[in-house]
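User: I work at the bench and would like to learn how to read a protein model. Could you walk me through this one, feature by feature?

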Amino acid sequence: MKIWVDADACPAVIKEILFRAAERSQVTTTLVANHSLRIPPSRFIHFLQVTKGFDVADNAIVQRMSAGDLVVTADIPLAAEVIEKGGTALNPRGELYTPSNIRARLNMRDFMESLRSSGVDTGGPSSMSQNDRQAFANQLDRLLTQYTKKLDQTKRDAL
C-alpha cells in the first residue's frame, strides 16, 4: 500500500499527521501538488509537483495509484475514481468514502454546484476542528493497522 495525498488543498495539520504516520508505519507517502511544498527529509515521504491546470494533480494520482492504495482527498470526483480503481479514499476530516456513499456525495456536490452557478451563496466548508483532526488520525490509524495485519499475514503465509 502507498498513500497519495491531494496536497493542494490538504490542511497543514493533516499533512503533519500523515508525515508522522508515514515514518511510524514505514508506508510510502507521496504528496501531489501544483505548487512547491516543504516536506520533511524521509525515505518514506515524497513530493510530486505537477503543472498547473484543471485536475492535473487528480489525474496524476489516479494514473500512479494501484488497487489497495490510500488517497487522501476532499475532492469527491477524485475519490470516486480512486474507489473505481480499487483504492481507498479518505477525506481530511476523517470520512471514509465508500462504494455505498460516494454516489450520494457526488449527487450532493453536483446539486451544490448548480445552486452556486445560479447565484445562491452556499457558504464554504467549516474550519477544521479538533474533532475533525482526531477523526482523521483515528481513521488513518485503523487503515494502517489493517494494512500491517494483512502484510504480517502474507509474510507468515509465505513461510
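**Salt bridges first**

Analyst: Happy to. A search of the whole structure, which is a predicted model, turns up two salt bridges.

User: Which side chains meet in a salt bridge with a distance of 3.8 Å, N to O?

Analyst: Those of D141 and R24. When you find such a pair, look next at where its partners sit along the chain. Here D141 belongs to helix 5 and R24 to helix 1 (residues 12-25), so the bridge links distant parts of the chain, 117 residues apart. Then check accessibility: D141 is partly exposed, with a relative accessible area of 38%, while R24 is exposed at 56%.

User: And what does R93 form a salt bridge with?

Analyst: Its partner is D132, and the closest N and O atoms are 2.6 Å apart. R93 lies in the loop between strand 5 (88-90) and strand 6 (96-97), whereas D132 is in helix 5, so the pair ties together parts that are 39 residues apart in sequence.

User: Is D132 buried or exposed?

Analyst: Compare its relative accessible area with the cut-off: buried means under 20%. D132 has 15%, so it counts as buried. Its partner R93, at 27% relative accessibility, counts as partly exposed.

User: What is D132 in contact with, leaving aside neighbours within four places in sequence?

Analyst: The contacts are P92, R93, G94 and S127. D132 itself has its place in helix 5, which covers residues 130-158.

**The nonpolar cores**

User: Let's turn to the interior. How many residues has the largest nonpolar core?

Analyst: It has 24 residues, and I3, V5, I14, L18, L31, F136 and L140 have the most contacts inside it. A good next step is to ask which elements contribute. Strand 1 (3-6), helix 1, strand 2 (29-33), strand 4 (70-72) and helix 5 each supply at least two residues of this core. The largest share, six residues, comes from helix 1.

User: Which residues does V5 touch, not counting those up to four places away in sequence?

Analyst: V5 touches C10, L18, T29, T30, L31, V32, I61 and V72. Apart from the largest core lies another, of 19 residues, including A60, I61, V82 and L106.

**The sheet**

User: How do I read the sheet? What order do its strands have?

Analyst: Read the strands across the sheet, from one edge to the other. This open sheet of six strands has the order 3-2-1-4-5-6, with mixed pairing. Strand 3 (45-49) and strand 6 stand at the edges with a single partner strand each, so one side of each is left without a neighbour in the sheet.

User: How many bridges join strand 5 to strand 6?

Analyst: Two, and these strands run antiparallel. In this region, L90 stands opposite L96 in strand 6. Helix 2 (residues 56-64) packs on the sheet, touching strand 1, strand 2, strand 3 and strand 4, and its direction makes about 170° with that of strand 1.

**The whole chain**

User: To zoom out, how many helices and strands are there?

Analyst: The protein has five helices and six strands, which run β-α-β-β-α-β-α-β-β-α-α from the N terminus on.

User: And why does the radius of gyration agree with a compact globule?

Analyst: Because a compact globule of 159 residues would have a radius of gyration near 15 Å, and the protein has 16 Å. Along the principal axes, its C-alpha atoms fill a box of roughly 60 × 35 × 35 Å. Of the 159 residues, 36% count as buried.

Note on methods. Residues are numbered from 1 along each chain as its sequence is written. This is a predicted model: local features need pLDDT of at least 70, side-chain atom pairs count only at pLDDT 80 or more; totals for chains, interfaces and linings use all residues. Side-chain values use heavy atoms; hydrogens and water are left out. Helices (H or I, at least four residues) and strands (E, at least two) are DSSP runs, numbered from the N terminus. Buried means under 20% relative accessible area, exposed over 50%, partly exposed in between (1.4 Å probe, protein chains only). Contact means heavy atoms within 4.5 Å. A salt bridge is a side-chain nitrogen of Lys or Arg within 4 Å of a carboxyl oxygen of Asp or Glu. A nonpolar core is a set of buried Ala, Val, Leu, Ile, Met, Phe, Trp, Tyr and Cys residues joined through side-chain atoms within 4.5 Å. Two strands pair if DSSP finds at least two bridges between them. Axes are lines fitted to C-alpha atoms, for helices over the stretch in contact, and angles run from 0 to 180 degrees between N-to-C directions. The radius of gyration is taken over C-alpha atoms; the globule rule is 2.2 Å times the number of residues to the power 0.38.
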